[in-house]
Amino acid sequence: MKRILLSIFGILALAFATLTPAFAQSKGTVYYLVPTLLDEFQTGSVSALEMFLKQVGYEMKTLNADNKTDAQQSQMNDVIALKPAAIILAAVDFNALKPSVESARAAGIPVVEFDRPITSTKSDFTSVAGTVEIGHVAADSAEKLLKEKNGAVKGKILQVLGDPGDPYTLDIQKGFEEKMKAFPDVKIISLPAMQWEASNAGTIVSDQLQANPDIDLIFSHAAHLSVAAVASLESAGKKPGDIMLMSSNGAPVGLDLIRKGWLNVEVEQPLYAQAAAVAMLMDKIVNKQEIKPGEYDVIGLKGVVTNEEWGPNLKVPGAAIDKSNVDDPKFWGNQKPPTDKIKSVE
Amino acid sequence: MNPRTRRILEFVLDNLVWFMLLFVLAIFSAFVPNYFQLGIFANIIEASSVLGVMSIGLALVIIAGHMDLSVESVAALAAMAVGILFCSAGIGYGYQIHPEWLMVPVSIAVALAVGGIIGLFNGYLIVKAKMNAFIITLASYIWVRGLVLAISGGRSAQDLAPAIRWFGIQRLLGLPLTAWIAIGCFVVFSLIMAKTPFGRHLVMIGGNETATFRAGIRVTRNLILAFVLAGAIAGLSGWLLAVRTSGATANLGIGLLFNAFAAVVIGGVSLKGGVGSLPGVYAGVLLLSAINTAINLMGLPANFTQVIHGLLVLAAVMLDTFKQTIRQRLA
């Protein structure tokens, strides 16, 4: 019995001994507060951030807020008590988390805003594609598609939003509509798919096809909503190309729909670049060093850091994906993470 | 009041939800542009198929004097199971069975089994272990949705096998087959509730469980069966959801539970148990779907749609309460 116990303790000691160097090499733990895991972009962001942060020596832990602002506020309070090297926050509500960000920074913990900027208070770093800018890129694509189809920028667009309580979708709508204002002959019908639920989007498309059979283009604010839109088009006897389709976020399902000919354009959020930028600058963020404004090469994409009222802000522009470039591995929807390891910015 | 007037009034009260539906359809047809057309009415029936089937299971356990909050998550899990097995893109494995039509019964069996097992689990804890139905099914609502997330990793499955998807595309008399499945379910379960001992026993159990037990009726067995049926029917609604959206996402079906409750209550089922009929529930489902469609067509600002939806549902429930008051006065 003694021997068995001694062997078990011996094995455990050996295991701890092998683990210790791994901990010793880690520069610290970074907490990522993700708004939800019911969305492919968010689940993709967890694996991308984890992978890139590991490459520069940080361990990452993730907390999911299930799209609840109060839950994320509690998570912030808990994480502050743990004194991590840094907190990466993708806020459920862009501004409700302001006091939590301020508390964390007051406790000496750097806060990074990921994908969802908080502009009402200072953060140590913000990495975004820009939700309003996604709307702009979508508007440019809509302009091009309508011109090709109708000879001029005119026609009817059905815009399927996400949940109307989510600032993310409202910002895309704002960006899209402010650019489309330049074209008075374009009528935009905007309807929300409550809780980002796919079958709600399908119902909207079915109803609108009856009420407005002359719809030229359907723009859904997430690729998974386009899947339901396509199912409704199919049920209505439509074939790929009968009605133009566009969506945003660049999820794998969107790229599949492009390959099948249903989707014309997917506006991608450069997930890998957004995540890589955070990791590349994490040493500077943790050590509270200055992040100089200017251009940065982020895994082959041009990221621009500017000093904003809310702190250093890196923007990596989103790209329009269509049939011509759908297989480009740089798009996160193709699920081929970059193989080259990133390096911390000196 | 003479007997003829009384009979007419009772007929109207018994079918008030159908009259409400006709009234709402007439109002929307008159005032909402593009509402009055066959295609829109077909959409209303089609859009109500998933909610309708889910509401049947929920109504059974409510009539039996209990409740099941897990039906929405169970539907999502069944949809995800079917999606993972029979979708060819995303996280789908794309399993093929030959001949292809066999995929239909197999996928339905998978969905029913997933739902039935969770229903059995709920039923056992509630009926045998005497635990609170609200808490047990609330826990299932949470853990089953968590399981959907865990097995999908937050990713989605798309491109359902054409043999299964066929039910969402093919139409009979202008309605997709999924809508006919929902109508068929309502007919079958309405007959079960009205014409079989099991149906009548459920109503009796919901009215007075102790008296039913003393009358020699197997309360425990019937109640567990009601939970198993609620789970299996929720599984079937998940199958319909997967067919309708050609796959499954981790958040599929979110929000359906509250609509199902609204439909059941509007349909005249008492939350206290022992009262209610399934045709009324179907009218409630159609009423909600008619309201939803009107909101879609009115093109209201996105921020206000939830408010309007909620207020219209509230109006429908208040009207139903008014009906109960008149009925009490008649009695």
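**Exercise 1. Work out which strands of the small sheet in chain B lie at its edges.**

Start with the strand order: chain B has an open sheet of three strands, β1-β2-β5, with antiparallel pairing. Strands here are DSSP runs of E with at least two residues, helices are runs of H or I with at least four, and both are numbered from the N terminus. Two strands pair if DSSP finds at least two bridges between them.

Next, look for single partners. β1 (87–90) and β5 (247–248) of chain B each have a single partner strand, so they stand at the edges and one side of each has no neighbour in the sheet.

Then check one pairing in detail. β2 (residues 157–160) of chain B joins β5(B) in the antiparallel sense over two bridges, and B:A157 sits opposite B:A248 in β5(B).

A word on ground rules before going on. This is a predicted model, where local features need pLDDT of at least 70 and side-chain atom pairs count only at pLDDT 80 or more, while totals for chains, interfaces and linings use all residues. Residues are numbered from 1 along each chain as its sequence is written, and chains are lettered from A and ligands numbered from 1 in the order in which they are written.

**Exercise 2. Describe how α5(B) packs on α6(B).**

Recall the usual recipe: packed helices are described by the angle and the distance between their axes.

Get the geometry first. The axes of α5 (residues 103–128) and α6 (residues 133–152) of chain B come within 9 Å and cross at roughly 150°. That makes the two helices roughly antiparallel (over 145 degrees; under 35 is roughly parallel, 65 to 115 roughly perpendicular, and the rest oblique). Axes are lines fitted to C-alpha atoms, for helices over the stretch in contact, with angles from 0 to 180 degrees between N-to-C directions.

Now list the residues. From α5(B), B:I118, B:N122, B:L125 and B:I126 meet B:A133, B:I136, B:T137, B:S140 and B:V144 of α6(B). Contact requires C-beta atoms, placed from the backbone, within 7 Å. By class, that gives six nonpolar, three polar and no charged residues (nonpolar: Ala, Val, Leu, Ile, Met, Phe, Trp, Tyr, Cys and Pro; charged: Asp, Glu, Lys and Arg; polar: the others, Gly among them).

**Exercise 3. Place A:W196 and find its contacts.**

Locate the residue: A:W196 is in the loop between β7 (186–192) and α7 (198–211) of chain A.

Count its surroundings: with 25 other C-beta atoms within 10 Å, A:W196 is buried (20 or more is buried, 12 or fewer exposed, in between partly exposed, with C-beta atoms placed from the backbone).

List the contacts, skipping neighbours within four places in sequence: A:G162, A:D163, A:A222 and, from the other chain, B:N251.

Zoom out to the chain contact, which takes 35 residues from chain A and 40 residues from chain B. On the chain A side, α2 (40–55), β7, α7, α8 (223–235) and α9 (252–259) each supply at least two residues. α7(A) gives the largest share, ten residues.

**Exercise 4. Decide whether A:Y32 is buried or exposed, then do the helix α9(A).**

A:Y32 lies in strand β1 (residues 28–34) of chain A. It has 24 other C-beta atoms within 10 Å, so it is buried. Beyond four places in sequence, A:Y32 touches A:V46, A:L49, A:M60, A:T62 and A:I88.

For α9(A), seven of the eight residues are buried, so the helix is largely enclosed by the rest of the structure. Among the buried ones are A:P252, A:L255 and A:I258. Just after α9(A), A:G261 takes a positive phi of about 90°.

How values were computed
Contact = placed C-beta atoms within 7 Å.
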